[in-house]
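Here is a short report on one model, covering strands, salt bridges and helix packing. The structure comes first.

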Amino acid sequence: MSFKRVQPIPSAEDIQAEIPLPEEMKVVKAKRDAEIRAIFERKSDKFLLIIGPCSAHNEDAVCEYVSRLAKLQEEVADKLVLVPRLYTNKPRTMGEGYKGMAHQPDPEKEPDLVEGVKSIRQMHIRAMRESHLTGADEMLYP
């Protein structure tokens, strides 16, 4: 697979400036980050579970899934921290065909990497807003 530059790709800072994380979600993210950090630092006896979907490409379906996961998180909060893995790429897809949301945010339209990155960030922010869970993905981090 080769690449052909068709437009400039904005930096992470440019994307974050264009699609900022709302202030109330920064609070949610900071709280979740601290809870997850406590597990890794063995300051918490909770178990961290990173769980599907492995190919997130439909925002409505992803947000429905994450909202259901949030309900389960409430039930198991004393023992588990659930982190949705919202993976949006299809790295093993070669040649022709749909390669994931990053490359082609709308499978019915032409590929557009810039719009793909923006779509993924918007999906992660929406999923967090609706569920108060943060995803295991780099879209909310610089």
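Five bridges join β1 to β2, and the two strands run parallel. Strands count as paired if DSSP finds at least two bridges between them. Helices (H or I, at least four residues) and strands (E, at least two) are DSSP runs, numbered from the N terminus.

This is a predicted model, in which local features need pLDDT of at least 70 and side-chain atom pairs count only at pLDDT 80 or more, while totals for chains, interfaces and linings use all residues. Residues are numbered from 1 along each chain as its sequence is written, and side-chain values use heavy atoms, with hydrogens and water left out.

**Strands**

Leucine 48 stands opposite valine 81 in β2. Strand β2 spans residues 80-84 and is mostly covered, with four of its five residues buried. Buried means under 20% relative accessible area, exposed means over 50%, and partly exposed lies in between (1.4 Å probe, protein chains only).

Leucine 49 belongs to strand β1, residues 47-51. Leucine 49 is partly exposed because its relative accessibility is 32%. Phe47, Leu49 and Ile51 make up a nonpolar surface patch, together offering about 250 Å² of accessible area. Patch members have over 30% relative accessible area and no salt bridge; like charges are joined within 9 Å, and nonpolar side chains (Val, Leu, Ile, Met, Phe, Trp, Tyr) within 5 Å. Areas come from the Shrake-Rupley method with a 1.4 Å probe; for residues, only the protein chains shown count as cover.

**Salt bridges**

How many salt bridges does a search of the whole structure find? The search finds ten. The criterion is a side-chain nitrogen of Lys or Arg within 4 Å of a carboxyl oxygen of Asp or Glu. Three of these pairs are tabulated.

| Acidic residue | Basic residue | Closest N and O atoms |
|---|---|---|
| Glutamate 41 | Lysine 43 | 3.1 Å |
| Aspartate 60 | Arginine 126 | 2.8 Å |
| Glutamate 115 | Lysine 118 | 3.7 Å |

Aspartate 60 and arginine 126 form a salt bridge with closest N and O atoms 2.8 Å apart. That pair links distant parts of the chain: aspartate 60 sits in helix α3 (residues 59-76) and arginine 126 in helix α4 (residues 113-131), 66 residues apart. Aspartate 60 is exposed at 52% relative accessibility, while arginine 126 is partly exposed at 21%.

Lysine 43 is exposed, with a relative accessible area of 67%. Its partner, glutamate 41, is partly exposed at 43%.

Glutamate 115 and lysine 118 are three residues apart in helix α4, so about one helical turn separates them. Glutamate 115 is partly exposed at 37%; lysine 118 counts as buried at 14%. Elsewhere, salt bridges with shared partners join Glu59, Asp60, Arg126 and Glu130 into one network.

**Helix packing**

Alanine 127 lies in helix α4. Its relative accessible area is 2%, so alanine 127 is buried. The C-alpha atoms of alanine 127 and serine 67 are 7.6 Å apart, with their positions 60 residues apart along the chain. Leaving aside neighbours within four places in sequence, alanine 127 is in contact (heavy atoms within 4.5 Å) with Cys63, Val66, Leu86, His132 and Leu133.

Helix α2 covers residues 23-40. From first C-alpha to last, its 18 residues reach 26 Å, close to the 26 Å expected at 1.5 Å a residue. The expected span is 1.5 Å times one less than the number of residues. Buried residues of α2 include Met25, Val28, Arg32 and Ile36. Their cover includes β1, α3, β2 and α4. After α2 comes arginine 42, whose phi is positive, near 60°.
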